[in-house]
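Here's a friendly walk through one protein model, taken a piece at a time. Keep the structure open while you read.

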Amino acid sequence: MTQQTTKIPISSIILDEDIYPRKGIDPRRVGIFAENIRDGFKFDPIEVEPDPDKPGRYRLLDGAHRWGAYKSTGAAEAEAVIKNLDGNDPLLYAAKKAIGPKQLTEDEARNTARRAYNKNPALTSSDIGKAIGRARRTVDLYISDLRAANRLGIELKIFRMNRLGIPQDRIAKRLGAPQQTISGHLPKMATLPNPVNSDLSRGFTVSQVAEKHNWTEPMVWSLAMEDKEDIERFKEIGWGLRTWDQWEWNDCDKRFGDDWPGRIPAQLIAHILYYFSSQNDLILDPMAGEGVTPDTCLALSRRCWAFDMTDRLDTRPEIEPHSWTHSSDQQLSWPVSSKEKADLVIFDPPYFDKKAADYDRKSISGLPKKEYLEFLEEFFALLKLNAKKTTKLAFINADWRDFQNKPAAEESRKGAILIDDYLRILNKTGWQHTHIIQAPMSAQRFSAVVVSAMQKKRILGVTSRYVIILKQPG
């Protein structure tokens with residue numbers, strides 16, 4: 001059916017970034033379209049809607065590059081279809097129109113999905129997926145943390161934190177509630193999981209139950225596998241148990257943890273827990289970032305105290321905020337004062353220089369080499385003061401070599417950080433290693449084009465990553 005068009009002034013049209021699904025306008029496309037206009041080519045009408053906040057103005061829904069071309073050629077008016085969306089989301093409408101000529105990039109699709117869900121949490125993943133050209137499961141991953149924030153009420157937050165062994169006074173402080181309020185909620189914790197357990201007993205899958213009751217999958221797993229041995233839990237979750245000291249996976253298990261720079265595979269954390277801790281042990285993660293450690297601890301029935309500089313109370317109440325401030329005039333401080341000490345510390349800091357641009361500007365990843373190693377030395381010494389004699393440390397890190405655009409034969413040791421640098425600092429601060437486990441990063445993150453270019457230039461890349469297990473001597 002032909003849509004009614006009308007000519008409207010170019011000056012009355014607004015590109016509203018709140019409803020524009022792309023990162024920006026491509027000037028090359030605008031230039032090509034402008035040439036077409038000068039040659040007499042007739043484009044389809046652009047689509048707009050009346051701006052709800054500015055009478056007489058219109059917001060672009062489709063045709064940003066055509067609009068840009070009209071402006072660059074000095075056109076005063078453009079043929080347009082004025083739409084009435086009848087309450088439909090203008091961002092998703094614009095996204096659906098945008099993917100006609102050119103699919104949204106991964107970043108654009110993710111950003112659009114998150115913006116749409118933030119504005120209207122009633123939208124389903126299918127609704128969003130149809131608009132942006134992505135599968136429902138993909139949209140689930142895009143918005144999983146936002147959905148969790150929307151679902152996680154105070155009782156569920158208390159249940160999660162209590163199940164991870166966080167003391168009452170810290171739960172109260174974290175949630176900004178009087179301790180008496182938390183005490184009043186705790187008796188409800190025994191019956192809170194009853195509807196979840198009921199559905200599990202009726203044969204529903206963990207993912208089905210999690211979706212139905214608005215719980216995270218790790219929390220449902222913690223109930224589904226109650227009273228089971230660790231090896232049974234591995235089988236239930238579908239993790240193959242590695243018997244030797246080389247642990248390798250092509251991808252992260254996206255059921256555990258959030259989308260995060262340098263995300264660690266839950267399978268790797270699970271293996272550390274399996275071999276070097278027991279059920280109900282206290283695990284401490286001082287840089288918990290994406291939340292993989294507390295999620296995995298829930299599934300394997302460990303208690304977990306987790307900390308990070310990024311405060312995400314709504315989605316990650318169990319990760320308490322703590323900044324590892326490092327400077328010449330300020331010493332590091334331990335995040336918690338407690339008589340109970342951890343049985344196992346899992347320390348997976350941001351790796352030197354890798355993804356530094358993706359982390360918070362205060363991240364240690366962006367420190368110069370000397371300061372990065374000084375931070376680790378100060379941290380390991382502080383950890384020893386706040387550990388008990390039997391505390392184990394699992395330190396995860398990777399070699400760093402400046403191999404970019406440099407043939408392997410021309411590389412220098414200067415500037416590199418290798419495993420012997422870490423071992424030297426660990427031994428100096430009173431930690432002795434008992435195991436060095438190879439846990440290489442996946443090489444699949446490199447495209448065939450990049451690999452081919454490296455091979456031609458004789459560049460030797462880095463995928464090595466280590467899990468170093470340490471104890472105190474004696």
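## A well-enclosed strand

Let's start in the middle of a sheet: phenylalanine 395 has isoleucine 468, in β12, as its bridge partner. This pairing belongs to β10 and β12, which run antiparallel and are joined by six bridges. Keep in mind that what you're looking at is a predicted model.

On β12 there's also leucine 470, the bridge partner of histidine 433. Here the pairing is between β11 and β12, again in the antiparallel sense and over six bridges. How many of the seven residues of strand β12 are buried? Six of them are, so β12 (residues 465-471) is largely enclosed by the rest of the structure.

## The seven-stranded sheet

Now zoom out a little. β12 is part of an open sheet of seven strands, in the order β8-β7-β6-β9-β10-β12-β11, with mixed pairing. At the edges you'll find β8 (319-321) and β11 (432-438), each with a single partner strand, so one side of each has no neighbour in the sheet. From one strand to the next, the twist averages 20°.

For a parallel pair, look at strand β9 (residues 344-347) and strand β10 (residues 392-398), which share four bridges. Leucine 344 sits opposite lysine 392 of β10. A helix lies across part of this sheet too: α15 (residues 292-299) goes over β6 (282-285), β7 (303-308), β8 and β9, and runs at about 170° to β7.

## A helix with buried residues

Which residues of helix α8 are buried? In this helix (residues 168-175), they are Arg170, Ile171, Ala172, Arg174 and Leu175. As for what they pack against, the buried residues of α8 meet two strands, β7 and β8, along with the helices α7 (154-163) and α9 (179-185). Just past the end of α8 comes glycine 176, with a positive phi of about 65°.

## The five-stranded sheet

There's another open sheet to explore, this one made of five strands in the order β1-β5-β3-β4-β2, also with mixed pairing. Its edge strands are β1 (6-9) and β2 (13-14), and each of them pairs on one side only. β2 pairs with strand β4 (residues 58-62) in the parallel sense, over two bridges. In that neighbourhood, isoleucine 13 stands opposite tyrosine 58 of β4.

Two helices go with this sheet. Helix α2 (residues 64-72) packs on it and touches β2, β3 (46-50), β4 and β5 (77-82), with a direction about 125° from that of β4. Helix α3 (residues 90-98) lies across β3 and β4, and it runs at about 40° to β4.

## A serine in the loop

Between β1 and β2 there's a loop, and serine 12 lies in it. Is serine 12 buried or exposed? Its relative accessibility is 8%, so serine 12 counts as buried. Leaving aside residues up to four places away in sequence, serine 12 touches Gly56, Arg57 and Tyr58.

## Two helix crossings

Back to α2, which also has a helix partner. The axes of α2 and helix α1 (residues 27-38) come within 8 Å and cross at roughly 60°, and that makes α1 oblique to α2. The crossing is right-handed. From α1, the contact uses Arg29, Val30, Phe33, Ala34, Ile37 and Arg38, while α2 brings His65, Arg66, Gly68, Ala69, Tyr70 and Ser72. Sorted by class, the contact of α1 with α2 has six nonpolar, three polar and three charged residues.

The other crossing to look at involves helix α10 (residues 194-201) and helix α12 (residues 217-224), which pack at an angle of about 70° with their axes 10 Å apart. These two helices are therefore roughly perpendicular to each other, and their crossing is right-handed. Val196, Asn197 and Leu200 make the contact from α10, meeting Val220, Leu223 and Ala224 of α12. What classes of residue does the contact of α10 with α12 have? There are five nonpolar residues, one polar and no charged ones.

Definitions and conventions:
Residues numbered from 1 in each chain as written. Predicted model: local features only at pLDDT ≥ 70, side-chain atom pairs only at ≥ 80, totals over all residues. Heavy atoms only, no water. Axes fitted to C-alpha atoms, helices over the stretch in contact; angles between N-to-C directions. Parallel < 35°, antiparallel > 145°, perpendicular 65-115°, else oblique. Left-handed = near helix turned anticlockwise from the far one by under 90°. Contact = heavy atoms within 4.5 Å. Nonpolar A, V, L, I, M, F, W, Y, C, P; charged D, E, K, R; others polar. Pairing = 2+ DSSP bridges. Buried < 20%, exposed > 50% of the residue type's maximum accessible area, 1.4 Å probe, protein only.
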